[in-house]
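Biologist: I should like to learn how pockets, strands and backbone angles are read from a set of coordinates. Could we work through one example together?

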Amino acid sequence: MKPSLCYPDMGELQRWPSELPAPEALGFGQYLGPWVVRCEHTRLGGWRRPQLIRRAEADVTAASAAVQYGLSLFEGLKAHRMKDGSLALFRPKAHARRLRRGSNRLLLPELSEESFLEMCRLAVTAQADYVPAHGCGSMYLRPILYAADDFHGLRESQRHVFEISVSACQSPGFRHKRLWAETQYSRACPGGLGATKTAANYASSALGMRQAQQRGYDDALWLDAVEHRWIGEAGAMNLFAVIGNEVITPSLDGTILPGITRDSAIRWMLDQGQPVIERALSLQELAQACCRGELREVFGVGTAARVVPIDEIGWQGGSIFPSGGDMAERWSAALSGIQEGRDPDPYGWRASI
Ligand SMILES: *Cc1c(COP(=O)(O)O)cnc(C)c1O
């Protein structure tokens with residue numbers, strides 16, 4: 001699929017960097033690039049050629065099934081600047097594969113890995129000034145795929161749009177958080193959408209997240225929907241616990257998102273000689289390990305925040321405080337070293353642009 005392009009003129013290109021604040025003040029997702037890569041699809045005609053359009057032109061119609069029925073998928077991946085100024089995406093093919101699995105779940109069309117990669121490259125190169133200097137942050141790419149019919153009835157959608165917008169982001173740092181274990185609401189249930197990166201998951205978790213914040217915590221820790229006993233994930237992060245010398249992470253049972261940072265963390269830890277066990281992990285087990293003094297760390301991982309140490313898990317039975325360790329910090333340093341090209345990439349995770 002060859003893109004048909006209308007590249008922005010140089011006058012506009014040169015204006016971008018001066019409109020951005022210093023890298024350490026970029027925050028996350030705030031400074032959106034002016035261009036969006038857009039590709040349309042119809043059931044009859046298949047995928048059209050990708051185009052580069054102004055963000056303001058990337059509109060969604062009110063009658064779209066994405067807005068009415070939640071038929072929309074998203075991804076989130078990053079591009080970094082290497083020391084020599086070149087750019088690399090982090091694991092774009094893994095993101096493309098997850099998007100394709102989501103398409104099958106929501107009956108949206110499949111996009112090939114090659115097209116996904118090509119459009120990510122286009123989104124980055126067309127606004128490369130939005131990738132901060134080496135070591136100072138990243139460009140966050142937000143691909144979305146949604147049903148775009150103009151139709152009020154419920155049916156399998158006929159028109160679809162794939163779009164990538166980008167934002168310039170600062171380095172996530174290493175910010176600690178406190179979680180509240182939510183026992184009233186559920187994020188996902190067996191057979192539901194928990195393993196699909198879809199807008200619906202955020203609709204179901206919004207209220208729990210606000211209540212956690214009203215209790216003075218940063219975010220909700222989601223438990224299983226049946227017993228409210230087993231640990232799932234937190235907001236947009238997969239969780240790891242270090243108990244004694246073991247690293248444990250909830251297994252991919254269909255109710256948690258199969259995070260690419262989670263997958264990367266497991267591979268890296270195993271390579272370090274650190275056993276990682278994927279299994280069901282209960283809140284009770286964390287509380288008991290805490291009482292014995294064996295709960296060393298709990299941390300979340302995800303593309304946006306990279307690695308987030310959890311200082312406290314609050315729940316009705318009291319509070320759980322990990323005693324401290326260095327796994328989260330070591331993994332965070334290893335990940336940023338690979339992403340930003342300071343360290344070798346034995347896994348082939350960097351895709352140069
Ligand atoms: C995106 C996301 C994650 C993290 O996945 P990564 O691929 O590591 O960014 C975790 N949980 C949820 C609900 C998510 O949407």
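Modeller: Let us begin with a pocket lining, bearing in mind that this is a predicted model. Strand 11 (219–223) and strand 12 (231–234) each contribute at least two residues to the lining of the second largest pocket. Strand 12 supplies the largest share of that lining, three residues.

Biologist: What is the volume of the second largest pocket, and which residues lie nearest its centre?

Modeller: In general, rolling a probe the size of a water molecule over the atoms shows where empty space is left. Here the second largest pocket has a volume of about 260 Å³. Its lining consists of 19 residues, and Asp-224, Ile-231, Gly-232, Asp-253 and Thr-255 are nearest the centre. By class, the lining divides into eleven nonpolar, three polar and five charged residues.

Biologist: How much space lies in the largest pocket?

Modeller: The largest pocket holds about 910 Å³ of space. It is lined by 45 residues, the closest to its centre being Phe-28, Ala-236, Met-237, Ala-304 and Ala-305. The classes in this lining are 18 nonpolar, 17 polar and ten charged residues.

Biologist: Which element gives the largest share of the lining of the largest pocket?

Modeller: Helix 5 does, with six residues. Among the elements that each supply at least two residues of this lining are helix 3 (92–106), helix 5 (199–214), strand 13 (237–243) and strand 17 (306–315).

Biologist: Let us take strand 13 further. Are its residues buried or exposed?

Modeller: The cut-off needed here is that a buried residue has under 20% relative accessible area. Seven of the seven residues of strand 13 are buried, so this strand is largely enclosed by the rest of the structure. Met-237, Leu-239, Ala-241 and Ile-243 point one way, Asn-238, Phe-240 and Val-242 point the other way, and all are buried. Met-237 was also named among the residues closest to the centre of the largest pocket.

Biologist: How many bridges join strand 13 to strand 16, and how many join strand 12 to strand 13?

Modeller: Strand 13 and strand 16 run antiparallel and are joined by six bridges; within this pairing, Val-242 has Glu-297 of strand 16 as its bridge partner. Strand 12 and strand 13 also run antiparallel, with two bridges between them, and Glu-233 stands opposite Asn-238 of strand 13. A further antiparallel pairing links strand 13 to strand 14 (residues 246–249) over three bridges, where Ile-243 is partnered by Glu-246.

Biologist: What is the phi of the glycine in the turn between strand 13 and strand 14?

Modeller: Strand 13 and strand 14 form a hairpin with two residues between them, and Gly-244 in the turn has a positive phi of about 60°. In the hairpin of strand 12 and strand 13, likewise with two residues between the strands, Gly-235 takes a positive phi near 50°.

Biologist: Which residue in the loop between strand 7 and helix 3 has a positive phi although it is not a glycine?

Modeller: The general idea is that most residues other than glycine have a negative phi. Arg-91 nevertheless has a positive phi of about 50°. Arg-91 sits in the loop between strand 7 (87–90) and helix 3, and it is buried, with a relative accessible area of 10%. His-228, also a residue other than glycine, has a positive phi near 50°; its place is in the loop between strand 11 and strand 12.

Note on methods. Residues are numbered from 1 along each chain as its sequence is written. This is a predicted model: local features need pLDDT of at least 70, side-chain atom pairs count only at pLDDT 80 or more; totals for chains, interfaces and linings use all residues. Side-chain values use heavy atoms; hydrogens and water are left out. On a 1 Å grid over the protein atoms alone, a cavity is a set of points where a 1.4 Å probe fits but cannot get out, and a pocket is an open set with protein on both sides within 12 Å along at least five of seven lines; lining residues have an atom within 4 Å of a point. Grid points are joined across faces, edges and corners, and a volume is the space filled by probe spheres set on the points. Helices (H or I, at least four residues) and strands (E, at least two) are DSSP runs, numbered from the N terminus. Ala, Val, Leu, Ile, Met, Phe, Trp, Tyr, Cys and Pro count as nonpolar, Asp, Glu, Lys and Arg as charged, and the others, Gly among them, as polar. Buried means under 20% relative accessible area, exposed over 50%, partly exposed in between (1.4 Å probe, protein chains only). Two strands pair if DSSP finds at least two bridges between them.
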